[in-house]
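User: I would like a close look at one part of this model, beginning with a single residue and working outward from there. Please keep the account careful and connected.

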Amino acid sequence: MLVVGPNSTCDVCLECYTNGVNIPHAISCGHVFCQRCIQHLVQHKCPLCRTRFSPQEVRKLHVDRDPNVKAILDVEPSQSAPSAPEADGEGQRLLNEITRIVKEGAKINEIRRVIDECRAYYKSQGDQYTPVRVSCLLLHNLAESQRKLSLQADELKGLRAECDDIRERFAEELEAAELKYDDLQKARQEERDAQMAKEKSLRDRYYDMNQSWLWLVPALH
């Protein structure tokens, strides 16, 4: 038996499981959703991991609400969920729009427009849990993912700009350091040349004085 908290909710509609309308069901990948969410899936794919499943593999879970016992889900085989009701013309158009967006992609503004149209549609149907509402929730998750990706792209763009700025400043500092190094090398060479010239001058002077002294010594004798 699978033990869950007493306030477990469906990952699609976020409503608490009950033994009435929101009966929890497990599909082959192990994820659990309420019965009506599974009924209104456009395709037999898990809304979370996108794994395909067969309606015959759907298993009903009973929720134990005994106050003296933790909420327990007892897995039992169940009959396949009944097929979802057919959507009318407007509903089918919205489903086709959602399918196109999922397959081909779309800009965030277009996705939000379709989400608003879907919400207006299923509210006009008495807020019934139609395939359009389920698909709208999935499309909302897609829009949220795109929004996060856009924020990450903007953040990455900012980091790249910051890196380029650091690289540019580093190049400028490196160039300045190289110029300073060249100036120091030049000054050092000039100082070395000056020292060598001074040393040569002193040697020449010493040689001249030595020659004068050699001429002076015989004259003294």
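What is the relative accessible area of Leu61, and is this residue buried or exposed?

Analyst: Leu61 is buried, because its relative accessible area is 1%, where buried means under 20%, exposed over 50% and partly exposed in between, with a 1.4 Å probe and the protein chains only. The model is a predicted one, in which local features need pLDDT of at least 70 and side-chain atom pairs pLDDT 80 or more, while totals for chains, interfaces and linings use all residues. Residues are numbered from 1 along each chain as its sequence is written, and side-chain values use heavy atoms, without hydrogens or water.

Leu61 belongs to strand E4, which spans residues 59–63; helices (H or I, at least four residues) and strands (E, at least two) are DSSP runs numbered from the N terminus. Although Ile23 is 38 residues away from Leu61 along the chain, the C-alpha atoms of these two residues are separated by 7.1 Å. Around this strand, the chain as a whole contains 4 helices and 5 strands, and from the N terminus the elements follow the order β-β-β-α-β-β-α-α-α. Leu61 can be set against a chain of 221 residues, of which 24% count as buried.

Another buried residue is Tyr17, with a relative accessible area of 6%, and Tyr17 sits in the loop that links strand E1 (2–3) with strand E2 (24–26). Its C-alpha atom is 9.5 Å from that of Gln35, a residue 18 positions away in sequence.

The loop that leads into E4 from helix H1 (35–39) holds two further residues worth following, namely His40 and Arg50. His40 counts as buried because its relative accessibility is 8%, and its C-alpha atom lies 6.5 Å from that of Val134, although 94 residues part the two along the chain. Arg50, by contrast, is partly exposed, with a relative accessible area of 44%. Its backbone also deserves attention, since phi of Arg50 is near 65°, a positive value in a residue other than glycine. Most residues other than glycine have a negative phi.

Arg50 brings the largest pocket into view, for it is among the residues nearest the centre of that pocket, together with Gln43, Ile98, Val102 and Leu138. A pocket here is an open set of points on a 1 Å grid over the protein atoms alone, where a 1.4 Å probe fits, with protein on both sides within 12 Å along at least five of seven lines; lining residues have an atom within 4 Å of a point. In all, 19 residues line the largest pocket, and the elements that give two or more residues to this lining are helix H2 (89–104) and helix H4 (131–220). H4 supplies the largest share, 6 residues. The lining also takes at least three residues from each of domain 1 (1–64) and domain 2 (88–189), with bounds from an automatic or database domain assignment.
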